[in-house]
Amino acid sequence: VENGRCLIGENTLAGSTLTLDRGVRNFAEFTGATLAEAVALATLNPARMTGLDGTCGRLAPGRAADIAVLSPQNEILETFLRGQPRLIPAGPVSFNG
């Protein structure tokens with residue numbers, strides 16, 4: 001990943017560098033959906049489709065408690081994995097593989 005592009009070699013596009021939080025914001029902006037609707041499409045619906053909706057996809061007792069805390073601008077401020085706080089790096093995150 002370099003300069004916001006994920007490439008194999010010099011010219012072959014290998015995938016997207018779009019993060020889930022940005023995708024949720026984009027969807028809400030482009031469609032007029034509420035943040036709650038966009039978040040459900042990114043969380044509950046995939047959990048249902050993969051058969052994991054009994055353990056994740058919504059906040060409820062007995063669930064995984066994987067949570068992203070958002071700012072008023074819907075940017076990630078804090079994350080929790082299985083209810084435990086996880087550090088997130090300052091600035092943009094990039095993934096390599």
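Which residue's side chain meets that of arginine 22 in a salt bridge? The partner is glutamate 29, with a distance of 3.9 Å from N to O. This is a predicted model, and the values reported here are computed from it.

## Salt bridges

A search of the whole structure finds two salt bridges. In one of them, the side chains of arginine 22 and glutamate 29 meet at 3.9 Å, N to O. Arginine 22 counts as partly exposed because its relative accessibility is 31%. Glutamate 29, at 57% relative accessibility, therefore counts as exposed.

Another salt bridge joins the side chains of arginine 25 and aspartate 21, at 3.0 Å from N to O. Both arginine 25 and aspartate 21 belong to helix α1, where four residues, about one turn of the helix, separate them. Residues three or four places apart in an α-helix point the same way, because there are 3.6 residues a turn. Side chains of opposite charge can pair when their charged atoms come close.

## Helix α1

Helix α1 covers residues 20–31, and its 12 residues should span 16 Å at 1.5 Å a residue. The C-alpha atoms at the ends of α1 are 16 Å apart, so the expected span and the model agree. After the helix comes glycine 32, which has a positive phi near 80°.

The buried residues in α1 are Val24, Arg25, Asn26 and Ala28. Their cover includes α2, which comprises residues 35–42.

## Arginine 25

Arginine 25 is located in helix α1. Burial is assigned under 20% relative accessible area; arginine 25 has 16% relative accessibility and therefore counts as buried. This buried residue also takes part in the salt bridge with aspartate 21.

When residues up to four places away in sequence are left out, arginine 25 touches Gln73, Asn74 and Glu75. Of these contacts, asparagine 74 also features in the hairpin of β3 and β4, where its phi is positive, near 65°.

## The three-stranded sheet

Three strands make up an open sheet with antiparallel pairing, in the order β3-β4-β5. Strands β3 and β5 are the edge strands, each pairing on one side only. From one strand to the next, the twist averages 30°. In general, the strands of a sheet pair through backbone hydrogen bonds, in either a parallel or an antiparallel manner.

## Strand pairing and hairpins

Strand β3 (residues 67–70) runs antiparallel to strand β4 (residues 76–81), and four bridges join them. Isoleucine 67 has phenylalanine 80 of β4 as its bridge partner, while alanine 68 is partnered by threonine 79 of β4. Five residues lie between the strands in this hairpin, in which asparagine 74 adopts the positive phi near 65°.

Strand β4 is also joined to strand β5 (residues 84–86), by three bridges and in an antiparallel arrangement. Leucine 81 has glutamine 84 of β5 as its bridge partner, and threonine 79 stands opposite arginine 86 in β5. Threonine 79 is thus placed opposite arginine 86 and is also the bridge partner of alanine 68. The hairpin of β4 and β5 has two residues between the strands, and arginine 82 takes a positive phi there, near 55°.

Key:
Residues are numbered from 1 along each chain as its sequence is written. This is a predicted model: local features need pLDDT of at least 70, side-chain atom pairs count only at pLDDT 80 or more; totals for chains, interfaces and linings use all residues. Side-chain values use heavy atoms; hydrogens and water are left out. Two strands pair if DSSP finds at least two bridges between them. Axes are lines fitted to C-alpha atoms, for helices over the stretch in contact, and angles run from 0 to 180 degrees between N-to-C directions. The expected span of a helix is 1.5 Å times one less than its number of residues. Buried means under 20% relative accessible area, exposed over 50%, partly exposed in between (1.4 Å probe, protein chains only). Contact means heavy atoms within 4.5 Å. A salt bridge is a side-chain nitrogen of Lys or Arg within 4 Å of a carboxyl oxygen of Asp or Glu.
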